[in-house]
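Here are my notes on the model, set out as numbered points. Cut-offs are given where a term first comes up.

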Amino acid sequence: MVDTAAAALLGAAGLHAGFQLTVTTLVYPALARVDASRWAEAHDRHSRAITPLVGVVYLLLLAAGAWALATLPLTTGLATAAVGAALSLGTTAAVAAPLHGRLGREGPEPALVRRLLVADRVRCAGAALCLAGAALACLRP
């Protein structure tokens, strides 16, 4: 039987991975292709639309992760999930959010857009790692 905290972590990690994969494969590539003359409007629209969703997904992931870490034994799966979540959330806070601020002020500087796309791939890798760890955490004896 799967522990409730482990199941919650798996659900939140799955939601986060699905969200992140969508952003990485569809949303950011489309944003990166926006012409400079339409950048300010497109970036502002993107930021307004995605921010509430990011908040909900990250809040659920943090809550489920905290619950799992507080109540489950520290297994390889749980540690892997925590590292993946930390990589994804940390990259958002330290790299992606500041880059969005700069891109909003300075426009679509190619080097900044490339850096944002790389940071986003790191977040996606973190989300996948978190999901794999959460699945392993559910399999613990």
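**Notes on the model**

1. G77 counts as buried, at 5% relative accessibility; buried means under 20% relative accessible area, exposed over 50%, and partly exposed in between, with a 1.4 Å probe and protein chains only. G77 is found in helix α3. Helices (H or I, at least four residues) and strands (E, at least two) are DSSP runs, numbered from the N terminus. Leaving out residues up to four places away in sequence, G77 touches G133, A134, L136 and A137, where contact means heavy atoms within 4.5 Å. The C-alpha atoms of G77 and A6 are 10.0 Å apart in space, and the two residues are 71 apart in sequence.

2. Basis of the values. This is a predicted model, in which local features need pLDDT of at least 70 and side-chain atom pairs count only at pLDDT 80 or more, while totals for chains, interfaces and linings use all residues. Residues are numbered from 1 along each chain as its sequence is written, and side-chain values use heavy atoms, with hydrogens and water left out.

3. Overall layout. The protein has four helices and zero strands, in the order α-α-α-α from the N terminus on. Along the principal axes, its C-alpha atoms fill a box of roughly 55 × 25 × 20 Å. Of the 141 residues, 40% are buried. Contacts between residues at least 6 apart in sequence join residues at least 24 apart in 82% of cases. The exposed area is about 7,400 Å², with 69% of it supplied by carbon and sulfur atoms; accessible areas come from the Shrake-Rupley method with a 1.4 Å probe, and for residues only the protein chains shown count as cover.

4. Which residues does Q20 contact, leaving aside its neighbours within four places in sequence? They are Y58, D120, R123, C124 and A127. Q20 sits in helix α1 (residues 4-32) and counts as buried because its relative accessibility is 1%. Its side chain makes a polar contact of 2.7 Å with the side chain of D120. A polar contact is a pair of N or O atoms within 3.5 Å; within protein, one must be able to donate a hydrogen and the other to accept it, and residues adjacent in sequence count only if both atoms are side-chain atoms. The C-alpha atoms of Q20 and R121 are separated by 9.0 Å, with their positions 101 residues apart along the chain.

5. T24 is also placed in helix α1. The side chains of T24 and D120 are joined by a polar contact of 2.7 Å, and D120 is likewise the polar partner of Q20. T24 has a relative accessibility of 17%, so T24 counts as buried. Beyond four places in sequence, T24 touches P29, D120, R121 and C124.

6. R123 lies in helix α4 and is buried, with a relative accessible area of 6%. A 3.0 Å polar contact joins its side chain to that of Y28. Not counting residues up to four places away in sequence, R123 touches Q20, Y28, Y58, S88, T91, T92 and A96.

7. The largest pocket. R123 and Y28 appear again here: with I50, V54 and H100, they lie nearest the centre of the largest pocket, which is lined by 15 residues. Helices α1, α2 (39-71) and α3 (76-106) each give two or more residues to this lining, and α2 gives the most, with six. On a 1 Å grid over the protein atoms alone, a pocket is an open set of points with protein on both sides within 12 Å along at least five of seven lines, a cavity is a set where a 1.4 Å probe fits but cannot get out, and lining residues have an atom within 4 Å of a point. The space in the pocket is about 200 Å³; grid points are joined across faces, edges and corners, and a volume is the space filled by probe spheres set on the points.

8. How does the pocket lining divide by class, into how many nonpolar, polar and charged residues? There are eight nonpolar, six polar and one charged. Ala, Val, Leu, Ile, Met, Phe, Trp, Tyr, Cys and Pro count as nonpolar, Asp, Glu, Lys and Arg as charged, and the others, Gly among them, as polar.

9. The cavity. The structure holds one cavity of 30 Å³ or more, and the largest cavity has a volume of about 40 Å³. Its lining consists of Y28, L31, A32, W39, L103, V113, L116 and L117, with at least two residues from each of α1 and α4 (110-139). By class, that lining has eight nonpolar, no polar and no charged residues.
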